[in-house]
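Colleague: Let's go through this model together. I will ask, and you reason from the coordinates.

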Amino acid sequence: MYDAVIIGAGTAGMTAAIYLARRGKSAVVLENNSYGGQIVNSREIENYPGLKSVSGFDFSTKLYEQVTELGGSIEFANVTGIKPELSFDGYKSVLTADKEYKCKNIIIASGASNRKLGLKNEDNLIGRGVSYCATCDGSFFRGMAVAVVGGGNTALDDAKFLSEICSEVFVIHRRDTFRGDAGTVRELNDIENVKFVMNSVPVKLTADENSKLIGVLVEDKNSGVITELSVNGLFVAVGQIPNTAFLKDSGIELDKYGYIKAGEDCRTNIKGVFAIGDCRTKALRQLTTAAADGSVAASSL
Ligand code: NAP
């Protein structure tokens, strides 16, 4: 039986694993994808204290190495559910399709995923013009016109990055003010090939005979007028949804958006179950706060 099973090998989960390993606690991290979580796709991180600039991939790989070199264990497995209450024999369980991991504590670090627009052919055009990661896919659109959807910091950073490699960048946002940093908005205002399309939402994606994106129809919410932007790339940056579906019927309390209810002590409503990183209710979802959560939970077992 493990002292803890950690669900998710993002920054939060791997930080928890580092702290547990250093405390001599037995733990396993279960990850259904590659290690690193969302940050693995970031071209450059400039706001992690002590690291002036590092790529998301390098940062994640260093974390992974730190976990394994300290004796921590990471297994690739898809968690399907948890039994968070202690059994008669005194253990909790984390379940995968073919295995039950018995433990004294569960640390949920399952993160969040990109929200989609919900347009009819959006899924079919993924990899054929539609992308959720400008830093991963931007270079495929060198010299072409592209659009970014969203008004948060991700959309603004994406637009800035894309303006350096694409001929034209439309930023489509559903309101007349941006949610992201005013400083970045000012920078974008001064970039000649960036154009803001405000109060507008994409309503249809158009494709050529090879099923590749060639345009996006955008509706002005005030006038109802629909215009077509001729673009080869559409970068969707409209926020995240928490990866907590596997907790359905587990008894763990979620908020109305699906985030796990837990305060700064990372304790959920069930003793011995912690929520850390982006899947937890919190004001600021950053690498720093994910790492902080991982250390708090791992020090509380
Ligand atoms: P976000 O801040 O939640 O912004 C999502 C944006 O998408 C909002 O502008 C929202 O519009 C819009 N949106 C949501 N659903 C939509 C829909 N169905 N159709 C059209 N637009 C929709 O998400 P984020 O930009 O990914 O950022 C997440 C967190 O990471 C934030 O705390 C952010 O500050 C942080 N972050 C920081 C940095 C940095 O420091 N450099 C970089 C990236 C992200 P409304 O504004 O109208 O709600």
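**Strands, helices and cores**

Colleague: In which sense do β5 and strand β6 (residues 100–108) pair, parallel or antiparallel?

Modeller: Strands are DSSP runs of E with at least two residues, helices are runs of H or I with at least four, and both are numbered from the N terminus. Two strands pair if DSSP finds at least two bridges between them. β5 and β6 share four bridges. The sense of the pairing is antiparallel.

Colleague: What kind of model is this, and which atoms do side-chain values use?

Modeller: This is a predicted model, in which local features need pLDDT of at least 70 and side-chain atom pairs count only at pLDDT 80 or more, while totals for chains, interfaces and linings use all residues. Residues are numbered from 1 along each chain as its sequence is written, and side-chain values leave out hydrogens and water and use heavy atoms.

Colleague: Which residue of β6 is the bridge partner of Lys-92?

Modeller: A hairpin of three residues joins β5 to β6. Within this pair, the partner of Lys-92 is Cys-103.

Colleague: And on the β4 side, which residue of β5 is the bridge partner of Gly-81?

Modeller: Strand β4 (residues 79–83) also pairs with β5 in the antiparallel sense, over four bridges. There, Gly-81 bridges to Leu-95.

Colleague: How many of the five residues of strand β5 (residues 92–96) are buried?

Modeller: Buried means under 20% relative accessible area, exposed means over 50%, and partly exposed lies in between (1.4 Å probe, protein chains only). By that rule β5 is mostly covered. Its buried residues number four.

Colleague: Now the open sheet. What is the order of its five strands?

Modeller: The pairing in this sheet is parallel. Its edge strands are β8 (130–131) and β11 (194–197), each pairing on one side only. The order is β8-β15-β9-β10-β11.

Colleague: Which residue of β15 is the bridge partner of Val-148?

Modeller: Strand β9 (residues 145–149) and strand β15 (residues 233–236) run parallel and are joined by four bridges. Val-148 bridges to Phe-235.

Colleague: At what angle does helix α4 run to β9?

Modeller: α4 (residues 153–163) lies across β9, β10 (168–172), β11 and β15. Its buried residues include Leu-156, Phe-161 and Leu-162. Among the elements that cover them are α3 (134–137) and α5 (182–189). Axes are lines fitted to C-alpha atoms, for helices over the stretch in contact, and angles run from 0 to 180 degrees between N-to-C directions; for α4 and β9 the angle is about 170°.

Colleague: How many nonpolar residues are in the contact of α1 with α6?

Modeller: The axes of α1 (residues 11–22) and α6 (residues 287–298) come within 7 Å and cross at roughly 35°. Contact means heavy atoms within 4.5 Å, and the residues that make it include Tyr-19 and Leu-20 of α1 and Leu-287 and Gly-294 of α6. Ala, Val, Leu, Ile, Met, Phe, Trp, Tyr, Cys and Pro count as nonpolar, Asp, Glu, Lys and Arg as charged, and the others, Gly among them, as polar. The contact has no charged residues and four polar ones, and its nonpolar residues number eight.

Colleague: Which element gives the largest share of the largest nonpolar core?

Modeller: A nonpolar core is a set of buried Ala, Val, Leu, Ile, Met, Phe, Trp, Tyr and Cys residues joined through side-chain atoms within 4.5 Å. The largest has 28 residues, and Phe-59 and Met-14 are among those with the most contacts inside it. β1 (2–7), β2 (27–31), α2 (56–69) and α6 are among the elements that give two or more residues. The largest share is six residues, and it comes from α1.

Colleague: Why does Ser-73 count as partly exposed?

Modeller: Ser-73 lies in strand β3 (residues 73–76). Its contacts include Val-28 and Val-67, not counting residues up to four places away in sequence. Ser-73 counts as partly exposed because its relative accessibility is 26%.

Colleague: Last, two loop residues with positive phi. Is Asp-249 buried or exposed?

Modeller: Most residues other than glycine have a negative phi. Asn-199 has a positive phi of about 50° and, at 19% relative accessibility, counts as buried. Asp-249, with phi near 65°, sits in the loop between β16 (240–242) and β17 (273–275). Its relative accessible area is 74%, so Asp-249 is exposed.
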